[in-house]
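I opened my notebook to go through this structure one feature at a time. My plan is to begin with the ligand and its surroundings, then turn to salt bridges and empty spaces.

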Amino acid sequence: MTPLPPTPAVDIALIGVGAAGALVFINLVQHSAHPRRVALIDTAAEPALGVAYSTPHPEHLLNVRADCMGALAGQPRHFFDWLHTPAGLAARTALNLSIPLTENAFLPRRLYGAYLRYLYSDARQTALKKGWQLVEHRDNVTNLTPTENGHTLPLESGATLTAVDTVLALGNALSRPDSAALPHVYTKPWQADIARLSAEPPAAHPVVLIGAGLTAMDMLLSLQRHQWPHGIVLVSRHGALPHGHLPDARMVSTPLLAFEDVAGKRLSAVLQQLRRVVRAGHPWQHALDSIRPYTARLWQSLSAKDQQRLLGKYFNLWGTHRHRLGAPPADSINELLRSGQVQTRKAAYKKTEISAAGQLNVYLSDSDAPLYASAVFDCRGLGLSPRAHPLLARLTESGTLHAHESGAGIRPLHDFLLHQNGASRVFGIGSMLVGAYFESIAMPELRTQAQQIAQALLGVGAAEYLDTTLDYTI
Ligand SMILES: Cc1cc2nc3c(=O)[nH]c(=O)nc-3n(C[C@H](O)[C@H](O)[C@H](O)COP(=O)(O)OP(=O)(O)OC[C@H]3O[C@@H](n4cnc5c(N)ncnc54)[C@H](O)[C@@H]3O)c2cc1C
């Protein structure tokens, strides 16, 4: 007799319950007419925070203005409005918020974490009251194997789950194993105890920051706050630092460039149009912000060659202009640069080693001699290739998922559907879709993606992603 196929244990498995996974769950609870069986799996101790919003440091700020950070699709002001509810007020009081609460403020990310945690706990309680079965695992999903009526998900602990549908909400691949085990080498920089490091420097050498993006800016702000007594070396291949928002961080009131002005053009023509707007006297920040509502469509209208040029030659340039710092932290960083404490070194990082005498030596491409370091922070951030995340690497190797032809992330079958096996599906959200949509990292994208994925899972008729009016702002 043929054995029966295993009965799926859950309807939906969410792999990764950081910011994006939490949003998918919240949308499922909001939109489902019936109780569901959902598995929520994450290696992190606390759900809903992920990498960006678990930082305990008050100087680590959002880089999007408060009234654009709503977590729910179509409601960009939701976060700002929540801050005025009793729960929001309690969170502000608990965190002793010192920044004036205005629409265009850049607020602490830990306050945003409190907001996400609140929404997630609320959705969780609602789900339990309505009879949902929630299976929660603090574990690492190591593989996903399609079966006859779902997916098998082996966990690092040795347990195995089965699910009909699965959502991959894995976030940015940040951990890099090469020198992670060395003392004072931080591959998860936000977890470093910078107060202690500054009070008891392991040596009189500089702190070395590998990378010069927003993570490195976070570390600069923390080193400044805790009065790190020695030098700081910022290592970056391109040597450019993120720009700041305009002091009043206004939003563009009228679009400066219509989609029709740039759609279907070569990358060089798009850049020319942006320069034309700036030459006409508009701040470059407004020129970039005005293509934001349709960046995904614009990206898709570029040729494969131009997409690769943008991801290769121009990606850092795009990053430093598009992912901007709030004006106050940008001022603090400029002050630090002027003080001479920070040295920027244009070079590629090779490796870190520890000498027999216990000295941390950092090797860079511009010299054979090591750079002596007190501590090393790996701030290289987003890994665009699917190979950067162990689970995506495994799933692209097995042919379950396909790498995007641009080299960035995964190629969806359509919208957010990555794999389909009969009635069971695998969806993806967030940075793994950079190749498909280019802008697929920040909350304004994630809130819309989360709603659409939840509606697709529930079969409640999501509109096509690119046809909806997206509520993007900055
Ligand atoms: C430092 C920083 C600051 C940012 N600031 C802003 C901002 O101000 N505004 C903005 O809009 N956006 C910001 N972003 C963008 C940010 O990436 C998103 O807003 C959001 O946090 C991404 O959510 P995510 O769920 O994709 O990733 P995460 O929130 O990081 O969640 C991914 C989760 O998946 C889990 N996971 C991964 N692999 C597995 C596995 N195999 N098994 C189990 N669990 C797994 C991880 O443990 C993690 O909890 C920032 C990003 C960073 C890194």
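Which residues are closest to the ligand? I noted first that this is a predicted model. Then I looked up the shell. It holds 31 residues around the ligand. The closest are Ala20, Asp42, Tyr53, Asn63 and Met443.

**Entry: make-up of the shell**

I sorted the shell by residue class. I got 19 nonpolar, 9 polar and 3 charged residues around the ligand. Next I asked which elements supply them. Helix α1 (19-31), strand β2 (37-42) and helix α16 (443-458) each give at least two residues to the shell. The most comes from α16, with 3 residues.

**Entry: polar contacts of the ligand**

I looked up three distances here. Ala19 has a backbone N or O atom 3.0 Å from an oxygen atom of the ligand. Ala169 also uses a backbone N or O atom, and this one lies 3.4 Å from an oxygen atom of the ligand. With Asn140 the side chain takes part: one of its N or O atoms is 3.0 Å from a nitrogen atom of the ligand.

How much of the ligand's accessible area does the protein cover? On its own, the ligand has 980 Å² of accessible area, and the protein covers 92% of that.

**Entry: salt bridges**

I found a count of 19 salt bridges. I picked one to follow. The side chains of Arg37 and Asp11 meet at 2.9 Å, N to O. Why does this pair tie together separate parts of the chain? Arg37 sits in strand β2 and Asp11 in strand β1 (residues 10-15), so the bridge links parts that are 26 residues apart in sequence.

**Entry: the second largest pocket**

I moved on to the second largest pocket. I read its volume as about 480 Å³. Its lining has 20 residues, and Leu271, Leu274, Leu288, Leu317 and Trp318 are the closest to its centre. Two or more lining residues come from each of α8 (267-279), α9 (284-291), α10 (295-301) and α12 (315-322). I checked which gives the most, and found α8, with 6 residues.

Is the lining of this pocket mostly nonpolar or polar? The split is 17 nonpolar, 2 polar and 1 charged, so I wrote down nonpolar.

**Entry: cavities**

How many cavities of 30 Å³ or more does the structure hold? I noted 3. The largest has about 90 Å³ of space. I listed its lining next. It has 15 residues, and Gly171, Gly383, Leu392, Ser431 and Met432 lie nearest the centre of the cavity. The lining of the largest cavity divides into 8 nonpolar and 7 polar residues, with no charged ones.

Terms used. Residues are numbered from 1 along each chain as its sequence is written. This is a predicted model: local features need pLDDT of at least 70, side-chain atom pairs count only at pLDDT 80 or more; totals for chains, interfaces and linings use all residues. Side-chain values use heavy atoms; hydrogens and water are left out. On a 1 Å grid over the protein atoms alone, a cavity is a set of points where a 1.4 Å probe fits but cannot get out, and a pocket is an open set with protein on both sides within 12 Å along at least five of seven lines; lining residues have an atom within 4 Å of a point. Grid points are joined across faces, edges and corners, and a volume is the space filled by probe spheres set on the points. A residue is near a molecule or strand if one of its heavy atoms lies within 4 Å of it. A polar contact is a pair of N or O atoms within 3.5 Å; within protein, one must be able to donate a hydrogen and the other to accept it, and residues adjacent in sequence count only if both atoms are side-chain atoms. Accessible areas come from the Shrake-Rupley method with a 1.4 Å probe; for residues, only the protein chains shown count as cover. Helices (H or I, at least four residues) and strands (E, at least two) are DSSP runs, numbered from the N terminus. A salt bridge is a side-chain nitrogen of Lys or Arg within 4 Å of a carboxyl oxygen of Asp or Glu.
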